[in-house]
Amino acid sequence: EVSGMRPGVAYRFNIINCEKSNSQFNYGTQPLMYSVQEALNARPWWIRVGTDICYLKNHFSRSSVAAGGQKGKSYYTITFTVSFPHKDDVCYFAYHYPYTYSTLQMHLQKLESAYNPQQIYFRKDVLCETLSGNACPLVTITAMPESNYYEHICQFRNRPYVFLSARVHPGETNASWVMKGTLEYLMSNNPTAQSLRESYIFKIVPMLNPDGVINGNHRCSLSGEDLNRQWQSPNPDLHPTIYHAKGLLQYLAAVKRLPLVYCDYHGHSRKKNVFMYGCSIKETVWHTSDNATSCDVVEDVGYRTLPKILSHIAPAFCMSSCSFVVEKSKESTARVVVWREIGVQRSYTMESTLCGCDQGKYKGLQIGTRELEEMGAKFCVGLLRLKRLTSPLEYNLPSSLLDFENDLIESSCKVTSPTTYVLDEDEPRFLEEVDYSAESNDELDIELAENAGDYEPSAQEEVLSDTELSRTYLP
């Protein structure tokens, strides 16, 4: 929070306790600002601001405790300049568009009050209480059975599970916006969402680290630990949300209801686009250069299908940024433990950039909440396509119907959220005139085209009007 400013004066801000060695602040990201004066003038939204933005090493050294035993590692500074339009305003700065615990509770409450119970099965439970005594919500979504006939009840009970989670790292607020898009889509009335509910039972933990979110931590829980490094042996007292989420997954495995897909939504500070990390024995063996073993490994490559589908239908998603290597340092993360211990082959981390895209329709744009919500909706559509590809007999549909479905998908993924808690224009999107050093190439992965159908953006999607885009030019 900043107050007491004079208009027209350039103020320089230095945030000096960053730890990553690089950041997208060097490649186009701007911080966000909320002005109380602007809000009083009917413009209550967060906007990208700042010039002369740089992320650099500073002269402060981290203690051995902060650096995990490596004394002498440097801190890094985010530096930026802002001129304020109003005198004696009160302004707030944020790393990314905020999404609080209260926002989640309100969003779930609105979804709960607006759905059709004859069509949608929706249940909100408490997975557990956190260290601080906050409730960790667990949401179940599927379609109601067609009737009380035995075969309909059996189909209802035997649908495969999809398990989703988000916000284990409190500072990755973009993960919550993607999750909001997923929840909105799953609870919507359009026919493809109904097909999806009839295909799966969704178990969703939308905020795995409520304490960290409430207390303003960037990465840790209230016990000062990275909860995404506790999945191998979570402590029920110190890491209750991880302990109980893992317990629920273990229970599903024990009753022979192993989820078809597990995905943990995250945010990424050093790469552009949206992409996935998955798990592959073969690629991990190749990565370690153990060639003798790699020849003997036989592996179903089904873990690649969902990201390939998403690269065709989601404009922000980039297949070439994905990785399926299991690194030693990631062995205690959700993705790897759910794959290795629980046996879910399609176990992913989905990373959304904090900056923007360097490919596709959104190339050169900083990402906004609409694009993140759209990604959450497109993820759902990807699951429906996955169902079609993994159960071809069940979905032997004429191509004309699939074309109709594509039109529905396009219309339903343009996020016009009934539960957005600020005005419609909650943030403008920004065009950047910056020549980025690309972190991923633009090669088109066409392997899936025969099965999934080519994704052709509509003319409406291709043209971004001046009224829809606020252009800001970075120095």
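Buried means under 20% relative accessible area, exposed means over 50%, and partly exposed lies in between. Keep these cut-offs at hand for the exercises below, which work through a predicted model.

**Exercise 1. Decide whether Val90 is buried, partly exposed or exposed, and find what surrounds it.**

Step 1. Start with the location: Val90 lies in strand β7, which covers residues 90-94.

Step 2. Apply the cut-offs. Val90 has a relative accessibility of 25%, so it counts as partly exposed.

Step 3. Now look for company from elsewhere in the sequence. With neighbours within four places in sequence set aside, Val90 is in contact with Glu1, Val2, Ser3, Tyr34, Ser35 and Val36.

Step 4. Take one of these partners, Glu1. Val90 and Glu1 are 89 residues apart in sequence, yet their C-alpha atoms are 7.0 Å apart in space.

**Exercise 2. Examine the backbone and exposure of Ala42 and Asp88.**

Step 1. Check phi. Ala42 is not a glycine, but its phi is positive, at about 70°. Asp88 is not a glycine either, and has a positive phi of about 50°.

Step 2. Place each residue. Ala42 belongs to the loop between α1 (36-40) and β4 (47-48). Asp88 sits in the loop between β6 (74-83) and β7.

Step 3. Use the cut-offs again. Ala42 reaches 52% relative accessibility and therefore counts as exposed. Asp88 has a relative accessible area of 51%, so this residue is exposed too.

**Exercise 3. Lay out the open sheet of 7 strands and say which strands form its edges.**

Step 1. Write down the order: β8-β9-β11-β10-β12-β14-β13, with mixed pairing.

Step 2. Find the strands that pair on one side only. These edge strands are β8 (120-129) and β13 (274-277).

Step 3. Consider the twist. On average, neighbouring strands of this sheet are turned by 20° against each other, direction ignored.

Step 4. Add the helices. Helix α4 (residues 173-186) packs on the sheet and touches β9, β10 (161-166), β11, β12 (261-268) and β14 (346-353). The direction of α4 makes about 140° with that of β12. Helix α11 (residues 334-342) lies across β12, β13 and β14, and runs at about 170° to β14.

**Exercise 4. Work out how β11 is paired and how its side chains are arranged.**

Step 1. Take the pairing with β9. Strand β9 (residues 135-143) and strand β11 (residues 201-205) run antiparallel and are joined by 3 bridges. Thr140 stands opposite Lys203, and Ile141 stands opposite Phe202.

Step 2. Turn to β10. This strand runs parallel to β11, with 5 bridges between them. Here Ser165 has Val205 as its bridge partner.

Step 3. Recall a general rule: in a regular strand the side chains alternate between the two faces of the sheet.

Step 4. Follow the side chains of β11. Ile201, Lys203 and Val205 point one way, while Phe202 and Ile204 point the other way.

Step 5. Ask about burial. In β11, 5 of the 5 residues are buried, so the strand is largely enclosed by the rest of the structure.

**Exercise 5. Describe how α12 packs with α5 and with α4.**

Step 1. Begin with α5. Helix α5 (residues 191-199) and helix α12 (residues 369-390) pack at an angle of about 60°, their axes 10 Å apart. The two helices are therefore oblique to each other, and their crossing is left-handed.

Step 2. List the residues that meet. From α5 come Thr192, Ser195, Leu196 and Ser199, and from α12 come Cys380, Leu383, Leu384 and Lys387. This contact divides into 4 nonpolar, 3 polar and 1 charged.

Step 3. Move on to α4. The axes of α4 and α12 come within 7 Å and cross at roughly 50°, which makes α4 oblique to α12. This crossing is right-handed.

Step 4. Look at the residues involved. On α4, they include Asn174, Trp177 and Tyr185, and on α12 they include Leu372, Met375 and Cys380. The residues of the α4 contact with α12 divide into 9 nonpolar, 5 polar and 2 charged.

**Exercise 6. Put the details into the setting of the whole protein.**

Step 1. Tally the elements: the secondary structure comes to 15 helices and 17 strands.

Step 2. Consider burial overall. Of the 475 residues, 53% count as buried.

Step 3. Finish with sequence separation. Among contacts between residues at least 6 apart in sequence, 76% join residues at least 24 apart.

Terms used: Residues numbered from 1 in each chain as written. Predicted model: local features only at pLDDT ≥ 70, side-chain atom pairs only at ≥ 80, totals over all residues. Heavy atoms only, no water. Axes fitted to C-alpha atoms, helices over the stretch in contact; angles between N-to-C directions. Helix = DSSP H or I, 4+ residues; strand = E, 2+ residues; numbered from the N terminus. Parallel < 35°, antiparallel > 145°, perpendicular 65-115°, else oblique. Left-handed = near helix turned anticlockwise from the far one by under 90°. Contact = heavy atoms within 4.5 Å. Nonpolar A, V, L, I, M, F, W, Y, C, P; charged D, E, K, R; others polar. Buried < 20%, exposed > 50% of the residue type's maximum accessible area, 1.4 Å probe, protein only. Pairing = 2+ DSSP bridges.
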